[in-house]
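Trainee: Please take one part of this model and go through it slowly, with the cut-offs behind each term, as I would like to know how each value was obtained.

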Amino acid sequence: MFNSFLQEIESELKKGCSEFGHPFKTLTLATLDKNQLPQQRIVVLRKINSELKLTFFTDLRSKKVKQIKNNEQVSAHFYHVEKKLQLVFRATAQLEQDEESLQNLWQQVRIRNQKDYTTNLAPGSIIQQPDNIEYLNQQNYFGVVHLIPQKIEYLKLNQPQHLRILFKKKESNWNGQFLVP
């Protein structure tokens, strides 16, 4: 009964990775800072696999990486305005450690976008002018984060009735249950 909803989730997320302008191309990622206060930011969805593992790229010096190292439990939020579909992932964030995988993914980053991972100063550092950003020649701080979902909340806003489903991962299977919207 719930498989069609899981297929819709996977299909829309794959479109987010491949279709220009798709609302699921970006997601809001929430982490906790050192004071256990939520911190949110937009990240770009780069990959999704059949187990609904989400992947995005980041600068390894960013605050989100420090926060993930401190507490790997995160939340990811997607919203599709036209379809009135909201997805909320509760996930464990893992930094990619395999050097070969990192190198392969780095090669897939467009040359003009590679500079985003080669700034002399870390993201969020204070500078005097936006033109004063210095870049490194060879070194980069490219990182890859995988979100391994444990729960997915699906909310479809419809008339006459909204639909809300909570999916929980048990071993390699997703179990769904309807919730009051």
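Mentor: The second largest pocket has a volume of about 270 Å³, where a pocket is an open set of points on a 1 Å grid over the protein atoms alone, each fitting a 1.4 Å probe and having protein on both sides within 12 Å along at least five of seven lines, and where the volume is the space filled by probe spheres set on points joined across faces, edges and corners. The model is predicted, and its local features need pLDDT of at least 70, with side-chain atom pairs counted only at pLDDT 80 or more, whereas totals for chains, interfaces and linings use all residues. Residues are numbered from 1 along each chain as its sequence is written, and side-chain values rest on heavy atoms, with hydrogens and water left out.

Thirteen is not a figure to take without its rule: 13 residues line this pocket, each with an atom within 4 Å of a point, and F57, T58, D59, K64 and Y117 lie nearest its centre. Strand 2 (38-44) and strand 4 are the elements that give two or more residues to this lining, strands being DSSP runs of E of at least two residues and helices runs of H or I of at least four, numbered from the N terminus. By class, the lining divides into 6 nonpolar, 3 polar and 4 charged residues, with Ala, Val, Leu, Ile, Met, Phe, Trp, Tyr, Cys and Pro taken as nonpolar, Asp, Glu, Lys and Arg as charged, and the others, Gly among them, as polar.

Two residues by the pocket centre, F57 and Y117, also belong to a cluster in which ring pairs link them with W106 and F142; rings of Phe, Tyr and Trp (its six-membered ring) pair if their centres lie within 6.5 Å.

W106 leads on to helix 3 (residues 99-108), where L102, L105 and W106 are buried, that is, under 20% relative accessible area with a 1.4 Å probe and protein chains only. Seen down the helix axis, the buried residues fall within an arc of 105 degrees, so they line one face of helix 3, the arc being that of the directions from the axis to the C-beta atoms. On the other side, E100, Q107 and Q108 are exposed, over 50% by that scale. The cover over the buried residues includes strand 3 (47-48), strand 4 (54-59), helix 4 (111-114) and strand 7 (142-156), with contact meaning heavy atoms within 4.5 Å.

How values were computed:
Rings of Phe, Tyr and Trp (its six-membered ring) pair if their centres lie within 6.5 Å; planes under 30 degrees apart count as stacked, over 60 as edge-to-face and the rest as tilted.
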